[in-house]
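Reader: I would like a close look at a single aspect of this model, namely the charged side-chain contacts that tie its parts together. Please take me through them with care, and set them against the chain as a whole and the elements around them.

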Amino acid sequence: MKSLFSRYTLLGIVLMTTACSIDKKPYNGLPEEAVLQNAQGLRAATDGNYTFIKDSDYTRNLYIMNEYPGDNLTLSGTTTDPLFLTYTYRHTSDQGNALQIYRKAYQIIVGCNKVIESVKEGTSKELDQILGENRFLRAMVHFDLVRLFGRPYAQSPETNLGVIIKTDTKADDNATRATVKDVYTFVVSELQRSAQLMTTVRTSSYASPAAANALLSRVYLYMNDNTNAIKYADLVIADGRYALATANQVPDFYTLDNEQNREVIFAIKHTLKDDRGFSAIGSMYYTSPGGIGWGEVYASQEYQDLVNKFPADKRRSFLVRKLTTAGVQEKRNGIDKVYITKFSNQGGIPTLSSPIVLRLSEMYLNRAEAYAKTGETAKAIADVNLIRQRAGLTGPELYAATDLKGLPTVLDVVLQERRLELAFEGHRPYDLFRNNRSLVRNYPGFHNTTNGQQTVAPDDKQLVNLIPESEIVLNKNLKQNPL
């Protein structure tokens with residue numbers, strides 16, 4: 001048996017099988033030593049790392065494992081797909097999606113490390129750009145992993161285990177898990193350096209200084225470092241390349257090519273050849289009129305009630321009720337079919353989307369949350385109102401210091417707006433747990449057998465996924481999360 005890392009060190013094999021630019025045919029050229037010796041080959045290898053991220057083992061699992069533990073959706077039945085274990089907080093050590101994303105993540109990381117090891121910083125702007133992109137991707141994937149397999153940063157990060165920090169390409173059967181704090185420290189350092197290295201303006205399908213700064217804002221927010229969360233959000237907001245969508249643009253926001261959407265900072269670009277069909281993220285959320293898609297996961301009743309509170313809210317357009325020919329609401333196992341379309345209909349294809357990783361709206365909401373926690377409540381409310389205006393809400397539908405619309409604090413205002421704006425994009429569980437709040441699912445669904453009700457406390461051991469048992473068998477130093 002071979003270790004996880006030794007399976008992914010032969011870049012020549014990687015490049016010949018899957019490495020390609022995002023928009024071009026696969027790169028089928030050269031052995032590893034030839035590919036990594038010039039800028040053209042290093043760019044091809046870097047494009048291959050972006051391609052790895054598009055793999056459904058990574059992207060589909062990432063969005064399922066980040067969003068399904070939340071309270072914005074409801075699963076309308078049981079299933080043998082491991083997404084059911086994610087949705088119900090019943091993680092197992094042989095859980096398929098956990099193993100898939102764990103292995104694919106380190107495949108991406110080792111691919112990035114191959115490029116990083118081959119580039120001498122300062123040789124040229126072109127090579128520094130390549131180096132910066134790979135360091136960004138490596139940091140992003142480590143951050144994804146530590147969120148899935150490590151406890152929230154607020155919970156003893158100096159002692160709780162995160163994931164293996166992998167910065168080389170060596171086969172290592174005995175690597176140990178770093179602490180959550182050490183993983184976050186590594187991610188921050190990598191992102192800061194990547195932002196300095198990248199100087200070429202590229203599309204939102206690629207890493208950029210703004211993408212690094214945007215991800216830094218998110219990481220610092222998770223660390224409760226509110227000063228830096230604000231600082232890096234400010235840097236992105238001040239970048240003239242990005243602008244919030246208008247209220248008229250919101251309904252079509254997710255059907256656009258990400259490269260034509262000025263609000264998008266970084267997205268995992270998918271073109272028609274990347275359409276995953278019934279294996280796409282959006283397939284579980286939607287069934288097209290032509291019958292494409294499973295359509296078994298719907299907007300929760302709680303989320304519906306929240307977004308429907310204001311009829312002018314353009315975000316209501318992302319929920320589509322499935323009606324019979326007689327105009328009656330269709331149900332599945334007694335649950336209303338209310339489809340979610342944030343991952344559907346790019347270019348008119350029901351299962352095609354380019355999942356957005358970072359966008360400008362989040363920067364305003366990151367800043368608002370940090371403002372709320374540092375007592376700058378007027379600034380927090382102003383940022384929230386910008387997002388509400390983006391959604392078409394005006395006048396009495398906006399917040400004021402004297403009108404929090406029944407919510408107890410400004411932080412509650414911010415968290416509710418994050419829930420509305422970032423729904424289904426993989427933020428909600430983290431928003432709750434980093435703020436030491438419980439997840440409450442008191443609405444119909446199959447998340448619990450007791451009348452569809454479930455409460456998950458922020459210190460629940462099932463918050464985090466278990467390290468795949470097959471990896472522990474191979475690595476005697478790889479410790480498991482509490483069972």
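Author: What follows begins with the overall chain, turns to its salt bridges, and ends with some helices, strands and loops.

The model is a predicted one, and its secondary structure comes to 16 helices and 10 strands. Along the principal axes, the C-alpha trace spans about 60 × 45 × 45 Å. For a chain of 483 residues, a compact globule would have a radius of gyration near 23 Å, and the 22 Å found for this chain agrees with that expectation. Of these 483 residues, 61% count as buried.

Against that background, the count of salt bridges comes to 44, and three pairs, taken one by one, show which parts of the chain such contacts can link.

In one of these pairs, K54 forms a salt bridge with D274, with 3.1 Å between the closest N and O atoms. This contact links distant parts of the chain, since K54 belongs to helix α3 (residues 39–54) whereas D274 sits in the loop between β2 and β3, 220 residues apart. Both K54 and D274 are buried.

In another pair, the side chains of E471 and R103 meet in a salt bridge at 2.9 Å, N to O. Here too distant parts of the chain are linked, with E471 in helix α16 (residues 469–474) and R103 in helix α6 (residues 96–118), 368 residues apart. The covering of the two partners can be read from their relative accessibility: E471, at 3%, falls under the 20% limit and therefore counts as buried, whereas R103, at 25%, lies between 20% and 50% and therefore counts as partly exposed.

A further pair is E369 and R418, whose closest N and O atoms are 3.7 Å apart. E369 lies in helix α12 (residues 360–373) and R418 in helix α14 (residues 410–421), so this salt bridge ties together parts that are 49 residues apart in sequence. Both partners are covered, for E369 has a relative accessibility of 0% and counts as buried, and R418, at 1%, counts as buried as well. Beyond single pairs, salt bridges that share partners join E263, D313, R315, K342, R359, R388, R390, E417, E421 and E425 into one network.

The loop between β2 (264–267) and β3 (297–299) also holds I292, a residue that belongs to a surface feature of another kind. Together with F278 and W294, I292 makes a nonpolar surface patch of about 290 Å². At 34% relative accessibility, I292 counts as partly exposed.

Among the helices, α7 (residues 125–149) repays a separate look. At 1.5 Å a residue, its 25 residues should span 36 Å, and the C-alpha atoms at its ends are 36 Å apart, which agrees. This helix is mostly covered, with 23 of its 25 residues buried. The C-alpha atom of I130 is separated by 8.5 Å from that of L197, although the two residues are 67 residues apart along the chain. L197 itself is placed in helix α8, and, with a relative accessible area of 3%, L197 is buried.

Between α7 and α8 (180–197) runs a loop in which S156 is found. Most residues other than glycine have a negative phi. S156, however, has a positive phi of about 50 degrees although it is not a glycine, and, at 41% relative accessibility, this residue counts as partly exposed. N333 likewise has a positive phi, near 50 degrees, and is a residue other than glycine; its place is in the loop between β5 (331–332) and β6 (335–336).

Among the strands, β9 (residues 439–442) has two faces, of which one, with L439 and R441, is covered, while the other, with V440 and N442, is uncovered. β9 runs antiparallel to β10 (residues 453–456), and 4 bridges join the two strands. Within this pairing, V440 stands opposite T455 of β10.

To return to your request, the K54 and D274 contact links a helix to a loop, whereas the E471 and R103 contact links two helices, α16 and α6.

Notes
Residues numbered from 1 in each chain as written. Predicted model: local features only at pLDDT ≥ 70, side-chain atom pairs only at ≥ 80, totals over all residues. Heavy atoms only, no water. Expected span 1.5 Å × (residues − 1). Buried < 20%, exposed > 50% of the residue type's maximum accessible area, 1.4 Å probe, protein only. Pairing = 2+ DSSP bridges. Patch = residues over 30% accessible without salt bridge, like charges linked within 9 Å, V, L, I, M, F, W, Y side chains within 5 Å. Areas by Shrake-Rupley, 256 points an atom, 1.4 Å probe, with all protein chains shown as cover. Salt bridge = Lys/Arg side-chain N within 4 Å of Asp/Glu carboxyl O. Rg over C-alpha atoms; globule rule 2.2 N^0.38 Å.
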